[in-house]
Amino acid sequence: MPLNYDPDIFGEEHEMFRRTVRRFFEAEADPYVEQWDRDENMPRSFWLKAGEAGILGIGVPDAFGGPGGDFLHRVVMTQEMGYSISGASIGPAVQRDQMCEQLMDFGTEDQKCRFLPKMVKGECLLAFTVTEPDSGSDLAAIRTTAVRDGDDYVINGAKTYISGIADADLFMIACKTDPAAGSRGISIFLAERNTPGLNIGRVLHKMGCHASNNGELHFDNLRVPAANLFGPLNGGFKVLAKSLNRDRLMWGIISHAAATRAFDLTVDFVKNRKGFGQTIFDFQNTQFKLADLKADLDVGQAYIDRCLRTYLRTGEVDMQEATVAKLWLPEMEGRVLDQCVQLHGGAGYMDEYPVSRLFTAGRLHRIFAGTAEIMRMQIGRAL
Ligand SMILES: Cc1cc2nc3c(=O)[nH]c(=O)nc-3n(C[C@H](O)[C@H](O)[C@H](O)COP(=O)(O)OP(=O)(O)OC[C@H]3O[C@@H](n4cnc5c(N)ncnc54)[C@H](O)[C@@H]3O)c2cc1C
């Protein structure tokens with residue numbers, strides 16, 4: 001049962017784009033992903049090909065060299081990447097492309113002209129750096145500072161777990177510009193990779209998503225021009241909040257798409273695998289388990305469709321709906337993936353079977369882009 005979204009939500013142009021994106025991942029990522037997992041990185045040629053195929057920089061208009069497109073094109077890209085065989089490994093790396101939307105929303109004309117044309121071609125990859133060794137969920141507790149000095153800001157501090165440190169060309173850095181003001185004292189700055197003072201630290205080895213690299217950064221008197229302030233001074237929290245809502249919904253969609261892929265792979269597997277004179281599928285236990293998973297997936301899809309309809313009606317991702325999506329869909333994914341691994345037997349624990357990689361990638365979805373506990377806290381507070 002490939003993704004069974006409500007077709008009325010999408011137009012013909014979105015479905016054409018879906019076919020392009022699906023073909024692209026099948027041809028340019030799926031065959032290579034095991035090697036990329038071993039390399040713990042993806043080659044630049046992948047990004048350049050993605051740029052050529054017109055699937056990077058969704059929403060960036062022609063004036064900046066972009067392919068245009070709307071929110072539903074972003075949803076299609078997210079669904080197809082999540083459903084692809086390679087999605088489990090490359091998800092966090094590919095989702096960085098969403099930062100084009102932040103640049104469109106908050107960048108100055110100069111910043112858009114400097115970076116967007118390169119981003120849509122895959123020549124400029126971004127890293128979004130908020131998390132620090134002593135603060136993750138508690139965004140307001142970051143300690144990295146940016147202090148004005150003449151026409152520059154001087155940045156000192158450290159970040160960790162950052163996606164894309166090995167290949168990012170441009171870093172968006174959340175800093176305190178008014179340390180006494182808590183979340184109202186955060187600003188975001190742009191810094192290019194080879195700027196003196198921007199030091200790349202250790203690459204961190206992970207449980208899954210190996211092709212998407214992660215690691216540490218240190219800022220030692222990193223000097224950036226004041227023109228690199230991204231969004232309003234002390235208004236960084238608003239920039240983060242807007243991107244967090246979209247991000248939460250997108251990671252809910254990826255969780256659902258990945259769980260759907262695992263389900264499809266498992267149905268194929270159990271129909272072919274034999275034991276005790278019949279297929280594993282023939283056992284009533286298997287069919288009952290699969291029925292429960294299908295029910296979970298169908299209910300999850302209905303909720304995603306509701307979130308998308310809200311967007312189409314209002315032009316905004318609803319914060320509360322996105323938070324529920326980011327809580328429920330990754331937890332549902334966890335239930336589905338656990339059963340899919342079980343139904344594969346030993347094969348489910350072997351990385352050469354995609355379900356194994358989907359399982360370790362899926363564990364991440366309850367942790368980053370806001371943990372399940374933070375989602376519960378925010379849903380509870382609004383009651
Ligand atoms: C693969 C990967 C990629 C990442 N990529 C990036 C990136 O590109 N950029 C970036 O900035 N960050 C990135 N992160 C960091 C990620 O966003 C954080 O790990 C996440 O927000 C959780 O923060 P933490 O690890 O500090 O956990 P903590 O905040 O220390 O939480 C530890 C535990 O305590 C719970 N907890 C915390 N506060 C509360 C509370 N108020 N009530 C109840 N429970 C609570 C949490 O839910 C969690 O279970 C990435 C992380 C991973 C694993």
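Tutor: A residue is buried under 20% relative accessible area, exposed over 50%, and partly exposed in between, with a 1.4 Å probe and protein chains only. This is a predicted model, in which local features need pLDDT of at least 70 and side-chain atom pairs count only at pLDDT 80 or more, while totals for chains, interfaces and linings use all residues. Residues are numbered from 1 along each chain as its sequence is written, and side-chain values use heavy atoms, with hydrogens and water left out.

Student: Why is Asp296 called buried?

Tutor: Asp296 has a relative accessible area of 16%. The cut-off for buried is under 20%, so Asp296 is buried.

Student: What makes Asp296 and Arg335 a salt bridge?

Tutor: The rule asks for a side-chain nitrogen of Lys or Arg within 4 Å of a carboxyl oxygen of Asp or Glu. In the pair Asp296 and Arg335, the closest N and O atoms are 3.1 Å apart, so the rule is met. Asp296 belongs to helix 9 (residues 284-314) and Arg335 to helix 10 (residues 319-344), so the bridge ties together parts 39 residues apart in sequence. Helices here are DSSP runs of H or I with at least four residues, strands are E runs with at least two, and both are numbered from the N terminus.

Student: Is Arg335 buried or partly exposed?

Tutor: Arg335 has 38% relative accessibility, which makes it partly exposed.

Student: How do you know that Arg44 and Asp169 link distant parts of the chain?

Tutor: Arg44 and Asp169 form a salt bridge with their closest N and O atoms 3.1 Å apart. Arg44 sits in helix 3 (residues 44-52) and Asp169 in the loop between strand 3 (152-163) and strand 4 (170-176), so the pair ties together parts that are 125 residues apart in sequence. Arg44 is partly exposed at 30% relative accessible area, and Asp169 is partly exposed at 22%.

Student: How many salt bridges does the structure hold?

Tutor: The structure holds 24 salt bridges. Side chains of opposite charge can pair when their charged atoms come close.

Student: Which residues are linked in a network of salt bridges?

Tutor: The network is made of Arg74, Asp97, Glu101, Asp105, Lys242 and Arg246. One of its pairs is Glu101 and Arg74, at 2.6 Å from N to O. Glu101 is in helix 6 and Arg74 in helix 4, 27 residues apart, so the pair links distant parts of the chain. Glu101 is buried at 12% relative accessibility, and Arg74 is buried with a relative accessible area of 2%.

Student: What is known of the split into domains?

Tutor: The protein has domain 1 (7-121), domain 2 (126-234) and domain 3 (237-381), with bounds from an automatic or database domain assignment. The centres of domain 1 and domain 3, over C-alpha atoms, are 21 Å apart. Domain 1 puts 26 residues into their contact and domain 3 puts in 30 residues; contact means heavy atoms within 4.5 Å.

Student: What area do domain 1 and domain 3 bury between them?

Tutor: About 2400 Å² is buried between domain 1 and domain 3, 70% of it on carbon and sulfur atoms. On the domain 1 side, Ile9, Phe71 and Tyr83 lose the most area to domain 3, together 28% of what that side buries. Buried area is the accessible area (1.4 Å probe) that two parts lose on being put together, summed over both.

Student: How many salt bridges does the rule find across the interface of domain 1 and domain 3?

Tutor: The rule finds 3 salt bridges across that interface. Helix 2 (33-39), helix 4 (71-83), helix 5 (87-95) and helix 6 (99-106) each supply at least two residues of the side of domain 1 that touches domain 3. Helix 4 gives the most to that side, with 9 residues.

Student: What makes helix 5 largely enclosed?

Tutor: In helix 5, 9 of the 9 residues are buried, so the helix is largely enclosed by the rest of the structure. Gly91 lies in helix 5 and is buried with a relative accessible area of 2%. Apart from neighbours within four places in sequence, Gly91 is in contact with Met81, Ser212 and Trp251.

Student: Why is Gln102 called buried?

Tutor: Gln102, in helix 6, has a relative accessible area of 4%, so Gln102 falls under the 20% cut-off. Beyond four places in sequence, Gln102 touches Gly107, Phe128, Met172, Phe230, Val239, Ser243 and Arg246.
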